[in-house]
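Thanks for coming. I have one chain to go through today, so please have the sequence and the model up on your screens.

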Amino acid sequence: MWAHAVAQPNIALIKYWGKRDIARNLPAAGSISLTLDALWTRMSVELYEGDEDTLSVNASANSEMQKRVSECLDRLLGSRRPKLNVLSESNFPIAAGLASSSSAFAALVMAVSRAAQLPGDPLSLARFAGMSSGSAARSFFGGIVELSAGQDEIDVFCISDPEDWPLRVVIAITESAPKAVGSGTAMIRSAETSPFYENWISRQDQDLHVAREAIAARDFGKLALVSEHNCLKMHSVMWTSRPPVVYWNAATVNAMETVRELRRAGVPVFFTVDAGPQVKAVCLPEACAAVRSSLAATPGVREVLVSGLGTGARPLDEA
Ligand code: PMV
């Protein structure tokens with residue numbers, strides 16, 4: 001029997017970039033993110049009698065994801081587990097810096113917990129998903145979410161419900177091809193080679209503190225400053241890795257400049273960029289139309305998506 005689940009990707013404002021423990025995929029520091037509502041990954045899974053897991057991602061095979069999915073299933077069900085058929089469908093480009101692994105692994109773990117009737121509260125399931133993709137743990141919760149990185153395990157919780165502060169995220173897509181270097185490999189490279197890495201990690205608590213204060217006070221200007229600063233610090237660590245990890249293209253820089261110009265004109269908006277060339281502009285609802293049209297008119301921007309804040313991963317009951 002098939003079991004289904006859906007999860008939304010999340011976009012970090014205070015970023016996760018670095019692991020405390022590679023084998024357990026524990027993050028070296030905490031992070032804060034926004035769970036989106038307009039983008040989704042639906043996962044359907046069924047236990048079956050075959051010899052190999054099967055995976056279809058948007059109706060195609062995907063060998064890189066296949067390995068990560070099977071490892072995730074081993075962790076959840078043990079290595080003597082039955083095999084599974086897995087169907088994944090997303091309504092946005094995957095592996096292109098739009099946090100598709102966050103929604104994919106959150107939806108996968110939720111669907112498998114239903115198919116195999118595993119007991120599990122969202123936090124326990126989030127911890128499993130986080131072993132496959134650190135950011136996936138955050139997609140178990142909605143609104144604004146904090147992940148705190150303990151020595152042995154993570155904690156994840158909602159710090160602001162979607163309706164409490166209904167921020168909007170306007171995503172400028174500058175390239176939809178999959179990225180050349182995956183975030184897992186790239187962050188290990190950064191830890192080993194960037195001269196800025198230790199400094200980056202040691203200052204995360206300070207940025208988390210400022211972001212938490214800004215969110216509690218609904219202080220958009222304060223959240224804007226700390227989020228852009230944190231994003232640029234992460235990219236500085238990437239750029240100073242050896243070999244360098246540069247996810248930006250010319251349109252990424254153009255879109256960042258559009259956001260800066262809007263802010264200079266008094267529009268409440270700031271940017272963030274993840275492991276890919278897309279620019280995510282976070283704004284207050286009243287600024288959304290202006291942000292959208294300015295980004296759509298920015299040279300090199302191919303498409304613009306708009307999202308509000310969504311809810312955490314959940315099972316779907318359809319057959
Ligand atoms: O969860 P991963 O392994 O795909 O890494 C996510 C890394 C960033 O998206 C760049 C930052 C973040 O906190 O989501």
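I'll start with G221, which is found in helix α7; helices here are DSSP runs of H or I of at least four residues, strands are runs of E of at least two, and both are numbered from the N terminus. G221 is partly exposed, with a relative accessible area of 42%. The cut-offs are under 20% relative accessible area for buried, over 50% for exposed, and partly exposed in between, with a 1.4 Å probe and protein chains only. The C-alpha atoms of G221 and P268 are separated by 7.4 Å, with the two positions 47 residues apart along the chain.

Before going on, the ground rules. This is a predicted model, in which local features need pLDDT of at least 70 and side-chain atom pairs count only at pLDDT 80 or more, while totals for chains, interfaces and linings use all residues. Residues are numbered from 1 along each chain as its sequence is written, and side-chain values use heavy atoms, with hydrogens and water left out.

Staying in helix α7, we also find H235 there. Is H235 buried or exposed? H235 counts as buried, at 2% relative accessibility. Not counting residues up to four places away in sequence, H235 touches W248, V273 and D274, where contact means heavy atoms within 4.5 Å.

After α7 (220-239) comes a loop that leads to α8 (250-264), and P243 lies in that loop. R242 and P243 are joined by a cis peptide bond, with omega at about -10 degrees.

S190 is placed in helix α4, residues 183-193. Its relative accessibility is 0%, so S190 counts as buried. Leaving aside neighbours within four places in sequence, the contacts of S190 are W17, Y197, V237, M238 and S241. For a longer distance, take S190 and R127: 63 residues apart along the chain, with their C-alpha atoms separated by 24 Å.

Now the whole chain. It has 9 helices and 15 strands. The radius of gyration is 19 Å, close to the 20 Å from the globule rule for 319 residues, so the chain is as compact as a globular protein of that length. That radius is taken over C-alpha atoms, and the rule is 2.2 Å times the number of residues to the power 0.38. Along the principal axes, the C-alpha atoms fill a box of roughly 60 × 40 × 35 Å.

Of the 319 residues, 53% count as buried. Among contacts with a separation of 6 or more, 76% come from residues 24 or more positions apart. The chain exposes about 13300 Å², of which carbon and sulfur atoms supply 52%; the areas are Shrake-Rupley values with a 1.4 Å probe, and for residues only the protein chains shown count as cover.

On charge, there are 30 positive and 34 negative side chains, and the centres of the two sets lie 4 Å apart. Lys and Arg count as positive, Asp and Glu as negative, and His and the chain ends are not counted. Each charge is placed at NZ of Lys, CZ of Arg, CG of Asp or CD of Glu.

Next, the cores. A nonpolar core is a set of buried Ala, Val, Leu, Ile, Met, Phe, Trp, Tyr and Cys residues joined through side-chain atoms within 4.5 Å. The largest has 36 residues, and V45, V69, V86, L108, F140 and V156 touch the most other members. Helix α2, residues 100-115, gives the most to this core, with 9 residues. A second, separate core of 34 residues includes A172, A255, C283 and V301. Back to F140: beyond its neighbours within four places in sequence, its contacts include A106, M110, P122 and G312.

Last, some loop positions. Which residues does G134 contact, leaving aside neighbours within four places in sequence? They are Y16, N25 and L147. G134 is found in the loop between α3 (122-132) and β9 (144-149), and G134 is buried, with a relative accessible area of 10%.

N25 has its place in the loop between β3 (19-21) and β4 (26-27). Phi of N25 is near 50 degrees, a positive value in a residue other than glycine, and N25 is buried at 9% relative accessible area. A59 is not a glycine and has a positive phi of about 70 degrees. A59 sits in the loop between β7 (54-57) and α1 (63-77), and counts as exposed at 74% relative accessibility.
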